[in-house]
Amino acid sequence: MRRFGRTLVTAALAVAVVGGTAGWASGDSQSAVTGPPPGSAAWRADTAYGRALPDPATATPQEVARFFAGLDDAARAALVRSHPLVVGNLDGAPLPLRYEANRLAVAATGDARYASLAAPDRRILAFDPRGRGQVAEVFGDLEHAAHVSVIVPGSDNDAASYDARRAPHTGPAGMARALRTATETPAAGGSVANRSVAGGSVAVIAWTGYTTPVGVGLDAADGRLASAGATRLTRFTAGLDAVGAPDPVLFCHSYGSVVCGLAARHTDATDVVAFGSPGMRAGTAAALHTGARVWAARGPSDWIADVPNVRFAGIGHGADPASAAFGARRVPAVDVRGHAGYFTPGTQSLAAFAAIAKGEAAR
């Protein structure tokens, strides 16, 4: 009975602290966008090619890849023009087709919030305008990269705000750019000549591919949106594998680390890096049941430290990944400022992230 009483007190404290940190009522409940991409019904009904197109709801990324491998260039281009929203979001489809399909899909919305995403120099790997919108962008040459990293962001991220002004090196795109630049910088004792071999072979994907919580409310305190996001992240990484991309490193910020915690066992990630994490819905790194190396970082002034690491009646995300008891490899972060400063140039955390992204971190 005494233990149960302590649990109730801890749960109440979790509610109070999360509410006091950013306003419990500030979070609006979100409906997770799930299932196949928009336009899938028209895609399934298309008989112009004399055979059924792979069902976006049931076909695996490997099956999608095999389907496109059997088409000639004219048929592929026709599908991009006829079904841009499907091709652009179809995991397993060839990367150049997805880039072109998403350029067309973004332009077709006529929405000024998305207009910048249609620029010819952007490599938009996914774009879904439903709800608040989802988007994934590639920085670097994903087709020829020797290493791939995926940034999985937390609350308040969506396609509509993706290109909004932010503090430098924050937000999914800012983090991806900072990591990509850091991997191009020679390590201590290295030379510029090594850039094309190591740093130049790293591609980074800013993946805002799930419905994130808004504010710090009930959505941020439970796992409903994270569970839906984990399903999408799992399929996304399977799509990378289907087109021959290297096994990725997952960099998971804040609520994004909850997504990664739930997805880890179902991905082929080499490393999972949680930073500014409220928990990963696991008691220990071993409980994630992944073959990936698990890393964790938390800066000294990150407010996430004030959120109790509990799980009660579906609220809270469990153990602190940055604690010694969790068993993750520690990423130095003593010079990180705030909740979003982990990719600031010159920080120990960014240097460590770059080493992990390049496969150079100590094994």
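Hi everyone, let's start in a loop: Arg-281 sits between strand 6 and strand 7, the latter covering residues 293–297. What caught my eye is its backbone, as Arg-281 has a positive phi, near 60°, and is not a glycine. Most residues other than glycine have a negative phi. Is Arg-281 buried or exposed? Its relative accessible area is 17%, and the cut-off for buried is under 20%, so Arg-281 counts as buried.

There is another residue of this kind, His-169. Its phi is positive too, about 70°, and again the residue is not a glycine. His-169 belongs to the loop that runs between strand 3 and helix 7. Because its relative accessibility is 29%, His-169 counts as partly exposed.

Before going on, a word about what you are looking at. This is a predicted model. The mean pLDDT of the chain is 89, with 87% of the residues at 70 or more. Two stretches deserve care, though. Over residues 1–26 the pLDDT stays under 50, and the model gives that stretch 26 contacts beyond four places in sequence. Residues 188–199 are also below 50, with 14 contacts beyond near neighbours in sequence. Where pLDDT is low, the predicted coordinates should not be read in detail.

Now the overall picture. The chain has 363 residues, 53% of them buried, and its secondary structure comes to 11 helices and eight strands. If you take contacts between residues at least 6 apart in sequence, 67% of them join residues at least 24 apart. For those of you who like surfaces, the accessible area is about 15100 Å², and carbon and sulfur atoms account for 56% of it.

Let's go back to that loop with His-169 and step into helix 7, residues 171–183. Its 13 residues at 1.5 Å each should span 18 Å, and the end C-alpha atoms are indeed 18 Å apart, so the two agree. How many of its residues are buried? The count is 11 of the 13, so helix 7 is largely enclosed by the rest of the structure. Among the buried ones are Met-175, Leu-179 and Arg-180. And what do the buried residues pack against? Their partners are strands 2, 3, 4, 5 and 6, together with helix 11, which covers residues 348–357.

On to the nonpolar cores. The largest one has 43 residues, and those touching the most other members are Leu-125, Leu-142, Ile-205, Trp-207, Leu-240 and Val-272. Helix 9, residues 224–242, gives the most to this core, with six residues. If you click on Leu-125, you'll find that its contacts beyond four places in sequence include Leu-95, Tyr-99, Val-138, Leu-142, Ile-205, Phe-236 and Leu-240. Apart from this core lies another, of 39 residues, including Ala-105, Ala-173, Tyr-342 and Phe-343. Ala-173 may sound familiar: it is one of the buried residues of helix 7.

Last stop, the cysteines. The structure holds one disulfide. Which residues does it join? They are Cys-252 and Cys-260, with the sulfur atoms 2.1 Å apart. The link is left-handed, at -90° about the S-S bond, and both Cys-252 and Cys-260 are buried. Strand 5 spans 248–253, if you want a landmark while looking for this pair.

That's my tour, thanks for listening!

Note on methods: Residues numbered from 1 in each chain as written. Predicted model: local features only at pLDDT ≥ 70, side-chain atom pairs only at ≥ 80, totals over all residues. Heavy atoms only, no water. Disulfide = S-S within 2.5 Å. Buried < 20%, exposed > 50% of the residue type's maximum accessible area, 1.4 Å probe, protein only. Helix = DSSP H or I, 4+ residues; strand = E, 2+ residues; numbered from the N terminus. Expected span 1.5 Å × (residues − 1). Contact = heavy atoms within 4.5 Å. pLDDT = per-residue confidence, 0-100. Areas by Shrake-Rupley, 256 points an atom, 1.4 Å probe, with all protein chains shown as cover. Core = buried A, V, L, I, M, F, W, Y, C linked by side-chain atoms within 4.5 Å.
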